Each structure stands twice: as structure tokens, then as C-alpha cells.
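Colleague: Please pick one part of this model and take me through it closely, then place it among its surroundings. Plain words will do, with the cut-offs for any term you use.

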Amino acid sequence: MVKAIVGACWGDEGKGKITDMLAEKSDIIIRFQGGSNAGHTIINDYGKFALHLLPSGVFYNHTTSVIGNGVALNIPYLIKEIDELVSKGVPKPEILVSNRAQILMPYHILFDQYEEERLGKNSFGSTKSGIAPFYSDKYAKIGFQVSELFDDVLLEEKVRRICEQKNVLLEHMYHKPLLNPEELLATLKEYRDMVEPYVCDTVSYLHQAIKEGKNILLEGQLGSLKDPDFGIYPMVTSSSTLAAYGAIGAGIPPYEIKDIITVVKAYSSAVGAGEFVSEIFGEEADELRKRGGDGGEFGATTGRPRRMGWFDCVASRFGCKIQGATQVALTVIDVLGYLDEIKVCVGYEIDGKVTRDFPTTTELAKAKPVYETLPGWNCEIRGIQKYEDLPENCRKYVEFIEKEIETPITMVSNGPARHEIIYR
Ligand code: GDP
């Protein structure tokens, strides 16, 4: 049985916590897209962790973590993340890296920085992890696949060819130091030695696991609104964030993904630039940011303060729809306990007309939020384990959202820790 855990909006919905939680009953957890550009914050018996490249299932002894072919594989980063876990007392996880994954090269990180620098105030707000240059190269067919590390002749020729091309840009467009092919080749040989113990044919492995009826989780990064096709293009990420892409980024049949658990946060937050209709500012935003998540809403990768906003029904409904959500985990609802009244964005006003459908970015830029105000519950709800025990106004808030997003909310998360979850 394959389940996907994905985000409905801009990311940071709390997928890490839900994955960590569901991993308890899973055999295999797979990362299928993105790279080390976003992070999951996880709190469990070993402490607090910010994972970027490893799947959130690495804390159990019984699970295997797979870095699928769709991932942007930063090899030194992967090794660093494994070492960090082990140094904090987590048993060394079982990790498999797809031989078809492509390698995030040191120059991808440089190009990401140089391009953001060149764009200046028009920059994308990239995390500068090299993700956009990585995927550009992959689809331009000048990427390095892990398997290629093991072919010396091919590697040497390709390194020379690619340095020549990159150096034209470095010299004439960015005016930056050039790449040295000998150095790059030596780096790739180091990468080979680092990654070799983990490399395997993950496609055969996963197909066999499916045959054996193993429980498999696909862990998405970011959310629907950062998808290059359906998100707030161009302020999106460079790989698909949708559950459907899980089939491609892991190499499994699409019809095997039976359950798409979409994580929705009880309010909105976003990092980086881009349209955000229900965004709030000033003191109102500061207060929510300070109380949000676990110890405040600050980026897990960059530490940047997140942009804050009220719950957006239009964006969340679209986000669930495009994921193909079968059920929703509503997270961080405990944070809203300080409010007397809670605003919820129920429509977008565009050119004087109100719509409930999430539009393309050009239309979105003109959208103004239409709010409805719901009563708050004004108390701490952490520690509550049964849905019936939640304050009435809190249940009403959950049920209002459920109706708006047109997907059953089966889990309500009322705290950051693994077991702070209410099943409905
Ligand atoms: P992800 O990228 O989707 O995994 O999300 P992040 O890890 O970036 O953000 C979620 C943040 O909220 C983390 O700090 C979590 O520890 C925290 N969190 C998750 N669920 C809850 C919850 O129900 N309540 C509270 N207060 N914090 C939560």
C-alpha cells in the first residue's frame, strides 16, 4: 500500500510531523522530488531535528529511507545529515539512493547565488541551494546521474564538456571565477566514494516491496502552490510537488498510490516571494508568527521569518484538488487559541467579481481577500486527545474548513510532538 503525504499550499504545513508519525507503521519512506532546499521540523524522543534531504522516517529502526530518482541529490549534504543524526544518538538509518538520481553539483549552488545576485530586487527569493540550476540542467540533458559516477571515461569527458559550457556563462555573464575541470573531477570522485554504500536500483527494490505488500510512504516537500504547473508561477519551485509526481520521482506505478494525505495548516504562512492573497502584516502578523509552529514561524532552511496570513479556503481547496487529496490532516490549530475571532478567506475579489476558484498568477496578482469571521475558542487545546473534547468553536472551525476544502479532515494536530494528534 502506497500513501503520499503532501502539502496543500506553500509548504511548512507540518508534513514532517505527519510523516514521522505515520512512519511508525510503515516500512519504507521515500523522498521523490526537491532537494535540501526546504526542511521538515520534527520533534521526537531523540530531540528536535530539521531534516532537509532525508525522509522524515529516519528515526525508526524498522524503516528504510529512499532517496528517489526525482530528488536533487546533494551528496555532501546527505552525508552531513546522516552524521548529524548519528551524533545525536539516532541509530544509523537504512538509506537507499537511486542510481538514477541526479547530482546537485557545487556549481549549481554558485549559479543559484549568482543569478539571484544578478536579478537583484527581482530575485526569486531562492534558498540558494542550487535547485533551479539543477533541474534546468537535468532537463537540458547536461545533468550528472549517480550511475555516471561509476564510469571514469564518461565522467572525464562530460566534466570537460560541461565546464566549457558553464565557463562561458561564468566569464561573460556573471564575471565570476571559472570552473576547473580537474578539480571538479576530483570532487565527483569524492562524491562517488561518499555515496557508493547507499546506491542501488531503487526501482526494482520498490516494485518488489509493493509486491510483498509493504507499507510505503511518499513524502512530498513544499506544497501545491509551489508546483511549477499549478502553483504561483514563476514563484514556484523547480520540481513538481504533487502526489502524482511521486510515481515518477520514485519509479512506481501511479495506480499504486492509494491514499493521498494532504496536510493543511489552520492558518497560512509562506516563505519567499509570490502572491499570497490572505497575507497579514504588522503586529497582527508578528503575533501569529511568534506563536506559530513550534517556537515561531521561521524557515527551517534559511531561518527567514515566514510571511503570515489567515486560512485561505480558495487556495487550500485548489491545493487539495490538484493533489487529489483523499484525506486531510489539519495542523497547528492549537496556535489559534489566543484569538477572540478568526478570519478566514472564503473568496477572491478580482476586478469587482468574487470567485472561489484559484486563478492563474496574473489574475491572482489582482485578487483581494473576501473574509468571513468565525468565533475563536480562546483557550489552550494542547493535550486534548478526543475530537469531542475540543471546544465547540474549535470543532466549528475544523468543520467549516472541511466543508470549504471539500475533503474529509481525518486528523487534527494540536501540538508539534509525535503523539499530539486527534483522529476523527
Ligand atoms: P513541513 O515542511 O511541512 O514539514 O513543515 P515545517 O516542519 O516547516 O513546519 C511545521 C512546524 O510546525 C514545525 O515547527 C513543527 O514542529 C510544527 N508543528 C507541526 N504540527 C504542529 C501542531 O499541530 N501544532 C504546533 N504548535 N506546531 C506544529
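Modeller: Strand β17 (341–350) pairs with strand β19 (residues 368–375) in the antiparallel sense, over eight bridges. This is a predicted model, in which local features need pLDDT of at least 70 and side-chain atom pairs count only at pLDDT 80 or more, while totals for chains, interfaces and linings use all residues. Residues are numbered from 1 along each chain as its sequence is written, and side-chain values use heavy atoms, with hydrogens and water left out.

Strands here are DSSP runs of E with at least two residues, helices are runs of H or I with at least four, and both are numbered from the N terminus. Two strands count as paired if DSSP finds at least two bridges between them.

Within the pairing with β19, I342 stands opposite L374. β17 also pairs with strand β15 (residues 311–312), in the parallel sense and over two bridges; there the partner of F311 is V344. With strand β18 (residues 353–355), β17 pairs in the antiparallel sense over three bridges, and E349 has V354 of β18 as its bridge partner. The hairpin of β17 and β18 has two residues between the strands, and D351 takes a positive phi near 50 degrees in it.

Is β17 enclosed or open? Seven of its ten residues are buried, so β17 is largely enclosed by the rest of the structure. Buried means under 20% relative accessible area, exposed over 50%, and partly exposed in between, with a 1.4 Å probe and protein chains only.

β17 supplies at least two residues to the largest nonpolar core, as do α9 (282–291), α10 (313–323), β16 (327–331), α12 (392–405) and β20 (409–413). A nonpolar core is a set of buried Ala, Val, Leu, Ile, Met, Phe, Trp, Tyr and Cys residues joined through side-chain atoms within 4.5 Å. This core has 55 residues, and I333, L336, Y348, F358 and Y397 touch the most other members. Another core lies apart from it, with 41 residues, including I67, V71, I162 and L188. In soluble globular proteins, nonpolar side chains tend to be buried together.

Two of the strands that feed the larger core, β16 and β20, belong to an open sheet of ten strands with mixed pairing, in the order β9-β7-β5-β2-β10-β1-β11-β16-β20-β21. Its edge strands are β9 (199–200) and β21 (421–423), each pairing on one side only. α12 packs on this sheet and touches β16 and β20, its direction making about 135 degrees with that of β20. Contact here means heavy atoms within 4.5 Å; axes are lines fitted to C-alpha atoms, for helices over the stretch in contact, and angles run from 0 to 180 degrees between N-to-C directions.

Another contributor to the core, α9, lies across β13 and β14, running at about 100 degrees to β14. Those strands belong to an open sheet of three with antiparallel pairing, in the order β12-β14-β13. β12 (268–270) and β13 (279–280) stand at its edges with a single partner strand each, so one side of each is left without a neighbour in the sheet. Two bridges join β13 to β14 (residues 307–309), and I280 has M308 in β14 as its bridge partner.
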